[in-house]
Amino acid sequence: MLLTGAKGALWLAFTSVVSALGQEPIISFDKAPGALQIAGGKISKGQIRVAKNEYWGVIRAAGDLAIDFGRVTGTNYTLSNGEKGAAPAVYTYNPVNNINNTHYSTTGVANFTGPAYSDPSPSDTVIIAGTIGHSEIIDSLIASKKLDVSATKGKWESFTSQVIKNPFQGCSSALVIAGSDPRGTIFGIYDVSEQIGVSPWYFWADVPTRQNKNIYALNRKKVQGPPSVKYRGFFLNDEQPALTNWVEEHWERTPYGAGYGPAFYGLIFEVLLRLRANYLWPALWGTMFEVDDPGNQPFADAFEIVLGTSHTEPMMRAQNEFGHFYEGPWAYNLNNETIDDYFRYGVQRAKPYARNSLWTMGMRGTGDTAIEGLGVDHIVEMLTTLVHNQREILAEGLGVSDVTTVPQAWCLYKEVMTYLFAGLEVPDDITLLWADDNWGHVRRLPLLNETSRAGGAGVYYHFDYVGDPRNYKWINTVQLSKTTEQMHMTYARGADRIWIVNVGDMKAHEIPINHWFDLGYDMKRWGMDSTEEWAKTWAAREFGPKYAEEIADIMIKYGMYASRRKFELVEPQTYSVINYNEADAVLQQWAELRAQTQAVYDKLDEVYKPAFFEMILHPAIGGEIVHRIYAGGAKNMLYSGQKRNSANEVINQVLAASDEDWQLQERWDALLDGKWRHFMDQTHLGYDGYWQQPMRNTLPAMVYVQTHFVSLAGHVGVGVEGSNATVQGDDKYHANSGNNLALPPMDPYGPATRYFDVFSRGTKDCEWKAAPWQPWVKLSQYNGTVGPKGSDTRVQVSIDWSKAPKAPFSSTVNINITNSCRGLDRNGYAEPKVQVPVQIRSVPSNFTKGFVESDGHIAITGAHYSAIVPPKQKTKLNDKVTYHTLNKYGRSGSGVGLVPLNTEKLTVEEAPALEYDLYFFSNHTKANVTVLISPVLNYLGEWTPLEYAVSLYPAGSSAPSQPKMVRPVGPTVGTNLPDGWGYAVADSAWGTVGNYSTSTHSVPQEGAYKLRFQALMPGIIVQKIIVDMGGVRKSFFGPPESFMVGRDQVGKYNQTSFLAEVDTLGGLYEKKKPGKGGKRAALLVDAATAA
């Protein structure tokens, strides 16, 4: 439904395909036994029947369905209320006087007109839709016992759909949709729309509709019960520049700003309902929903949208209203009479729409800030009085004797949560709306003694944020599997009354929004491991089944790559350009994802390409460009420090990537004749340590190398993996006049290769040669040429273990590097050598399974445990507690944590353990065990902190009775989040910075060891465990997973980057085809024998 008020025509989109996402089918395009044909055959133009006394919002949705049939079949259906010559349904309201916003008054009568009616045609009627108790025709069918609604009557947002014969005179059969309430009916109507092929995103994402002439209603009864979560909505927030600029271009301004009126909000209301959602927090920063256009609030009610206001907007008043229209400070202790009047006006204005209102209670400071000037005790006392007064104002203004019947919520956002811990008592009927940390990690969930509260609990969540440690509001950076994990935890703990998610501008977040609402609608259908299935089903609905699996794979990979470090937080130093081949591995993932996405785009029919570009291709291209820019900045700093000529070429590459970035925005702006111009106005390059958005996109700092003269150290330089240093010559990274650089060590259980670079630092083309001192040290290239216009050469170093000395052996093998351009530099510097430390060791034959130390560490993917050890004490409380692996999750591939998710905190004796088998060649009195866990907070309160236990002990001995106890998350102090939180959310893991998840152990001698990990609570999800024996180097992901005896083969397990890890999404293992049974048979060679 498109509304008037736009600056010119609003766009008719192509229309959509396939069946309803995850819903029980009632529609078929093929004839089935007993099915009723509702399109095609003898039906030239079907009719939809509603009752005269039906809700306006239901009639409007039925009108949408009539148009949706036209989108699918090419012929719009008609709508009738059974009366000949009937005028359209009218929703009448009294517009508020938006000039005087301190004294309530209205300006007369206005109305919204529903879809046009046609004269009744019983023989053409194929669908009947109505609300139980509010539809004469539905009530008649119930009374005649043709329709049984006992399974849905009186329930929240439920409906029954079934084919009924002879529903009224002249109609032989019809598909009847009977809703328990108006939204139940609306959801039943849109269920048909989606199943015949109209995507909820037909307008907002331009998803086309597949044409079908023949449509059948199956001969089965569908009963759709209440949604899992009662109120499910989103919050339009941080809407400047993108959304507001777009609105400004398409609708006339209101007296108070951009044209956020019914024409815009009608499109929002419709997509919410098509997504089976029901709740909205309107845009707030540059707008005033109820004031900008007097039609906004009644229009939400007419649509049957439950209207709320954000955490900073109590009592149904927009944030900007107080500053615009009232005198005095926004401080209840100083200006309570004025503020009470402010609240009274909000109640008066919303009273006509109270049936579809959910009231935000409490109060925060001005403009999304904390209350200032008072201590916590005084704030608690003031808020107690304030909410008491708010409830009295509500009861009086709405004329109710029992205010507990009025839906209310108190959003415990940021500092407000600490007031609850300080003694604030919230009335039992008010929903406790717990908030996440703005980064998708729930801060607090209901305790056992809170689950029986009449008001229940909910969650305010974020897909977009403005604030510390940095904004993220450009495009989608949501990992769907993370959302699934967090929402299942939320639901399991009983927070099921309200789910509201901050979606920023909304556009570009279509996928996570759809996923969020599907979870909230039916948690049983979409379980903990459902994300991949959901993605395939969604892709099939939007783009057809042919490429659905490929598209789902792209979606899952993109979510992982984009969420592990949000685009605004990516910096030159994020991924190491010297250690573990990390930056290059990340670039490889993004390049392959971009190519994969482009390949699907190229195969799609033209009609699908706009939608695919908007939701899939644009993010993949944009993400790849951003990472290329920042990795280029890092390489420039490395190369310029080494005085490489190629440092300047990297600058050119970064400039070219910058051009690609703005060209991508221009492509977006030109799409569909500029339909979505401005939605990519958001800056995203050039954050400089400050959380707020840069005012203009800028590139990272880079250094230009003057190339007119040769380096003092000669025309050719050499650099090695793991170091910023270069030889020959002097720098701060190695000893003066030193000419040797050592590679990280090589051994049979370590990376398959190490590398050194040969590069130009001069003005001539120079030949170089590399000569290892041992024949079993192999190079990928033994000679070559570098010059001022040529590229650098990366030489891979490997060991032929079959020809190397037998274990035990330890030595350093030199590689001589010579070049043809030695000149004056020979007077100061000798020719360079690359040194290769080689350690040849083998594990004993009785160590048949486990991880082996190499390069001074062992790194383990959390999900690759040897066993789950049962708890010492079995009780009814822990009888079903175990560990569950989340696949395609986290920063690179998987995670493992406790289930069931509503398990209370366990003791060490009550908790099962993950056991890992390890073999160490060295000994260390301080072996640091760091557990990289998904960001998580003390969701059961500071008095029940997250905690886990770690034991590291020799195999064959008993586990220590007192393991090392770790509490990775510190307390919330005042309005601050726990120490280290900023690093954890930036890196998507606790443990990357600081010692928050590190414990120290002793490894007294070489041998086999057991490492046991015991999570004492759900939510502690282990992604990687790193045992540092002194060899771990700085990186984002940590060392790649270590060699595993019983899985990996010497000389075959690559281990040069995290791409080599078995679980890595978009990694090397993924490219290998598994053998029968899905096992990687070719790689499962006993390493002890091979060594």
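**A colleague's note on this predicted model**

1. Let me start with helix α4, which covers residues 242-250. Its buried residues are A242, L243, T244, W246, V247 and H250. These buried residues of α4 pack against two elements, β12 (231-236) and α5 (262-274). Please keep in mind, here and below, that you are looking at a predicted model.

2. Next, have a look at the open sheet of 6 strands. Reading across the sheet, the order is β4-β3-β7-β9-β8-β11, and the pairing is mixed. Its edges are β4 (78-80) and β11 (222-224), each of which pairs on one side only. On average, and with direction ignored, neighbouring strands in this sheet are turned by 30° against each other.

3. At the β11 edge, the partner strand is β8 (residues 159-168), and the two pair in the antiparallel sense over 3 bridges. If you would like a residue pair to find this spot in the viewer, try S161, whose bridge partner in β11 is K222.

4. Towards the other edge of the sheet, helix α1 (residues 56-73) lies across β3 (47-49), β4 and β7 (125-131). The helix runs at about 155° to β4.

5. Now to the cysteines. How many disulfides does a search of the whole structure find? The search finds 1. This disulfide joins C766 to C821, with an S to S distance of 2.1 Å. The angle about the S-S bond is -105°, and the link is left-handed. C766 sits in strand β23 (residues 766-772), while C821 sits in the loop between β27 (809-819) and β28 (833-840), so the disulfide ties together parts that are 55 residues apart in sequence. As a reminder, a disulfide is a covalent bond between two cysteine sulfur atoms.

6. Are the cysteines of this link buried or exposed? The cut-off for buried is under 20% relative accessible area. C766 has 1% relative accessibility, so C766 counts as buried. C821, at 13%, is buried as well. Two further cysteines can be judged in this way: C171 is buried at 2%, and C411 is buried with a relative accessible area of 4%.

7. The strands around the disulfide deserve a moment too. β23 and β27 pair in the antiparallel sense over 5 bridges, and β27 and β28 also pair in the antiparallel sense, over 8 bridges. N816 is a handy residue to follow here: in β27, N816 is the bridge partner of A771, and in β28 the bridge partner of N816 is K833.

8. On to open space. The largest pocket holds about 1,100 Å³. Its lining consists of 45 residues, and those nearest the centre are Q573, T574, K1034, S1035 and F1036. Which elements give two or more residues to this lining? They are α17 (609-641), β35 (924-933), α19 (981-987) and β40 (1022-1028).

9. Finally, the enclosed space. A search of the whole structure finds 16 cavities of 30 Å³ or more. The largest cavity has a volume of about 290 Å³. Of the 23 residues that line the largest cavity, W439, H441, K482, S563 and K566 are closest to its centre. β18 (457-462) and α12 (480-492) each supply at least two residues of this lining.

Technical notes. Residues numbered from 1 in each chain as written. Predicted model: local features only at pLDDT ≥ 70, side-chain atom pairs only at ≥ 80, totals over all residues. Heavy atoms only, no water. Pairing = 2+ DSSP bridges. Helix = DSSP H or I, 4+ residues; strand = E, 2+ residues; numbered from the N terminus. Axes fitted to C-alpha atoms, helices over the stretch in contact; angles between N-to-C directions. Contact = heavy atoms within 4.5 Å. Disulfide = S-S within 2.5 Å. Buried < 20%, exposed > 50% of the residue type's maximum accessible area, 1.4 Å probe, protein only. 1 Å grid on protein atoms, 1.4 Å probe; cavity = no way out; pocket = protein on both sides within 12 Å on 5 of 7 lines; lining within 4 Å. Points joined across faces, edges and corners; volume = space filled by probe spheres on them.
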